[in-house]
Structures are given as structure tokens and as C-alpha cells.
Amino acid sequence: TILTVQTSGSSGSPITIKWEAGAKLTSPVASASGHINASNRSYIIFDGNGTNPSITNTANGKGLTYHQSTGAIVATPCNNCEFKNLTITNMYVETSPADTTGTGSGINVHGSNWSVHDNYISDAFVCLDSPYQDGNHDIQIYNNTFNNMNWGLHIGNNAPTSLSNVYIHDNHLMNMDNWDSATDQYHHDGLFVVQNNTSAQITNVHFYNNLADGRMSTWCPANIGTTCATAWIFYNTGMNGIY
């Protein structure tokens, strides 16, 4: 972990971590705690300022030196936080057919009143992961591009928990086929809101104006079927009010 956020901001006075022109965080491979760790903080703004890349690994993935769970930003939880204008690349690079150890996330966040917008995240098992906790609410995810991923967005926790007021809109979902594997190790999903618990309560979730294109699945053995992908949008148990 290169940077650990030491304290929280406050309402009306958030702390902003802003990339200067040309600045980037880079490592052969970051830990699962992230290049940046902002867990148990609140009122933090991450502004990548359009730097390209803002955060990257250089040697984690198939055919590379490392095969580790890794992340760019881990913020679990981070209430009233904002993630914007970031370019996050190569958390785990897969090629098709994929290996069976791939993992890694771009942004890993849960909590309430957070937003992720205007980011480009590519080459990760999941670009944006939110293992939400009971009572989390008011989430905005918009104007992002997710590319070369197994999951673009994953929201889920497999517990009898509640989540409400989630708005997922104007995102661009691109290629998932580099995560195809001989055993269908991964099931590809673009926007994935899931709760494998019938006592869960996920309410008022909105998907709109999202564009899904590119390659879903191009390499999958005949015994698996025609595709290693599930869907561009997938949701299941516990959904009560989805639009």
C-alpha cells in the first residue's frame, strides 16, 4: 500500500486527494489492501484529474511475474466519498483463454452517500466492487467506462442485509472475452447486482442510459456452451423495486 488515508474530512470540508498533471501511482503489484487504502474514513474525494494512468500495476497477470489479489483503491467503508476522473489499469491482466487465478479490483468501496463517476477502469476481475453492508444507501455510479473485465460493476454481499437507492447510469461497458476460460472459471457480467439470500432487501435500484458493446465472449469450449458470459445486466434474489 503506497498511501493510507490518515483521517476523515467532514460535511462541508471534505479532504481532496488530487493527482497533479503526470502523476501516477505504480507498482509491479499492489497488495489486496490497495495502492490507496481509505477504509473507515469519510468525506474523502479522489480526483484523478484526468491523468493516464492514475493508478496501475506493471507485472500482475497471466504470463507476468505476479498472480495476486490486488486493488487500486480500497475504501471499506467510506461514507460520503467521491471517486472521479481516474484512469485505473492492469490490476490483473488476462488474455484469452484466461488462467484460473485472476483477481483484482479497480475500486472497492461500500458505505452510504458515495459516488463513482467519470472514470476509466480496465483489466481487472471487477472494475468496481461494492460488498455492501446492512443499511447502506444512496449510491451514484455514472459516466464510467469499464473495459477488459470479468465484472464491470459488482454489488453484493450474500447476507440478509438491506441496500437502497442505487443509481447506475450513463456507463460504457466494453470487452469481457479476455476472461473466457477452458472451465468457465468466471461468469462475465457487465452490471451485476446480486444477493444470494432470500431475506435480503435491495430496493429502488435504477439502471438507465448504459451502453454495452464490444465482445462478451469469443473463446469458450463446446462442452461449456456458446458463451462464458452471463449477461450485460444481471440481478437476482432479494430485489424489491428495480427499474
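**Exercise 1. List the contacts of Phe-83 and place this residue in the interior.**

Solution. Contact means heavy atoms within 4.5 Å. Leaving out residues up to four places away in sequence, Phe-83 touches Phe-46, Ile-73, Ala-75, Ile-107, Val-109, Ser-115, Val-116, His-117 and Asn-119.

The model is a predicted one, in which local features need pLDDT of at least 70 and side-chain atom pairs count only at pLDDT 80 or more, while totals for chains, interfaces and linings use all residues. Residues are numbered from 1 along each chain as its sequence is written, and side-chain values use heavy atoms, with hydrogens and water left out.

Next, the core. A nonpolar core is a set of buried Ala, Val, Leu, Ile, Met, Phe, Trp, Tyr and Cys residues joined through side-chain atoms within 4.5 Å; buried means under 20% relative accessible area, exposed over 50%, and partly exposed in between (1.4 Å probe, protein chains only). The largest nonpolar core has 47 residues, and Phe-46, Ile-55, Phe-83, Ile-107, Ile-155 and Ile-168 have the most contacts inside it. Another core, of nine residues, lies apart from it and includes Tyr-92, Val-126, Trp-151 and Tyr-186. In soluble globular proteins, nonpolar side chains tend to be buried together.

**Exercise 2. Classify the ring pair of Phe-46 and Phe-83.**

Solution. Rings of Phe, Tyr and Trp (its six-membered ring) pair if their centres lie within 6.5 Å; planes under 30 degrees apart count as stacked, over 60 as edge-to-face and the rest as tilted. The whole structure holds eight aromatic pairs. For Phe-46 and Phe-83 the ring centres are 5.1 Å apart and the planes meet at 10°, so this pair is stacked. The pair links distant parts of the chain, with Phe-46 in strand 6 (residues 44–47) and Phe-83 in strand 10 (residues 82–84), 37 residues apart. Strands (E, at least two residues) are DSSP runs, numbered from the N terminus. Both Phe-46 and Phe-83 are buried.

Elsewhere, ring pairs join Tyr-92, Phe-125, Trp-151, Trp-179, Tyr-186, Phe-192 and Phe-234 into a cluster.

**Exercise 3. Find the disulfides, give the handedness of each, and account for Cys-127.**

Solution. A disulfide is a pair of cysteine sulfur atoms within 2.5 Å, and the count comes to two.

- Cys-78 and Cys-81 are bonded, with sulfur atoms 2.0 Å apart. The torsion about their S-S bond is about -70°, so this disulfide is left-handed. Cys-78 is buried at 0% relative accessibility, and Cys-81 is buried at 2%.
- Cys-220 is joined to Cys-228, S to S 2.0 Å. With 85° about the S-S bond, the link of Cys-220 and Cys-228 is right-handed. Cys-220 counts as buried at 18% relative accessibility, and Cys-228 is buried at 1%.

Counting bonded cysteines along the chain, the pattern is 1-2, 3-4. Cys-127 is in no disulfide, and the nearest cysteine sulfur, that of Cys-228, is 18 Å away. Cys-127 is buried, at 0% relative accessibility.

**Exercise 4. Is Asp-170 buried, partly exposed or exposed, and which residues does Asp-170 contact?**

Solution. Asp-170 sits in the loop between strand 17 (162–169) and strand 18 (172–173). The relative accessible area of Asp-170 is 32%, so Asp-170 is partly exposed. Apart from neighbours within four places in sequence, Asp-170 is in contact with Tyr-142, Asn-143, Asn-144, Tyr-208, Asn-209 and Asn-210. The C-alpha atom of Asp-170 is separated by 31 Å from that of Lys-62, which is 108 residues away along the chain.

Definitions and conventions. Helices (H or I, at least four residues) and strands (E, at least two) are DSSP runs, numbered from the N terminus.
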